[in-house]
Amino acid sequence: MEASVFERELSESAYAAGDVVAVGDSLLVVTQGELLLAVQAAKEPIRFAAVREGGLVGELAFFEPDPVLLHGVAAVDTQCLSIDRRALKRCFRYSRSGAVKVMIGFARSLSDKIRCANDELQKQTQSGPTS
């Protein structure tokens, strides 16, 4: 029963390699392929994570009214399942245990991305200026 509540609300999307993927309005699960995640810096985007099959992609703006900072690009042909805010709220009303699983998954995903971003910043700091 719990899985069917979520299944009814999921949407499938396909992206060709190089397509930009909006990540602020929905939570995404990569079901095939790979998304590269980046934030826009002053001169060019800074890539900080790759999300592969089974990985969860979400932006803090999904939960807060802040601007979207993150964007994704399909590294290869990629398929995702997504759920928007309203649909997720409906699911949470029907399945508290499902809500907990989604939030734990999101927290783990966010933690992984923060670690990747930290590693990338350390590499850039250690290598010094590139100009």
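Two strands pair if DSSP finds at least two bridges between them. This rule sets the terms for the strand pairs described here, all taken from a predicted model.

Four strands form an open sheet. Their order is S1-S8-S3-S6, and the pairing is antiparallel. Strand S1 (11–15) and strand S6 (56–57) are the edge strands. Each of these two pairs on one side only.

The pairing of S3 with strand S8 (residues 78–84) is antiparallel and runs over six bridges. Two residue pairs help to locate this contact on the structure. Gln32 stands opposite Gln79 in S8. Leu27 stands opposite Ile83, which also belongs to S8. S1 is joined to S8 as well, in the antiparallel sense, by five bridges. Here Ser11 stands opposite Ser82 in S8.

A helix accompanies the sheet. Helix H2 (residues 85–94) lies across S3 and S8. The helix runs at about 65° to S8.

The nonpolar cores come next. The largest of them holds 14 residues. Within this core, Leu28, Leu35, Leu37 and Val57 touch the most other members. Several strands feed the core. Strand S3 (26–32), strand S4 (34–40), strand S5 (45–52) and strand S7 (70–74) each supply at least two of its residues. S5 gives the most, with three residues. A second core is separate from this one and has nine residues. Among its members are Phe6, Leu27, Ala87 and Cys91. Leu27 thus appears twice in this account: it is a member of the second core, and it stands opposite Ile83 in the sheet.

Leu69 offers a contrast to the core residues. Its place is in the loop between S6 and S7. Is Leu69 buried or exposed? Leu69 counts as exposed because its relative accessibility is 59%, and the cut-off for exposed is over 50%. A nonpolar core is a set of buried residues, so Leu69, being exposed, does not qualify for one. The chain also brings Leu69 and Val39 together in space. These two residues are 30 residues apart in sequence. From C-alpha to C-alpha, Leu69 and Val39 are 5.8 Å apart.

Definitions and conventions: Residues numbered from 1 in each chain as written. Predicted model: local features only at pLDDT ≥ 70, side-chain atom pairs only at ≥ 80, totals over all residues. Heavy atoms only, no water. Core = buried A, V, L, I, M, F, W, Y, C linked by side-chain atoms within 4.5 Å. Buried < 20%, exposed > 50% of the residue type's maximum accessible area, 1.4 Å probe, protein only. Contact = heavy atoms within 4.5 Å. Axes fitted to C-alpha atoms, helices over the stretch in contact; angles between N-to-C directions.
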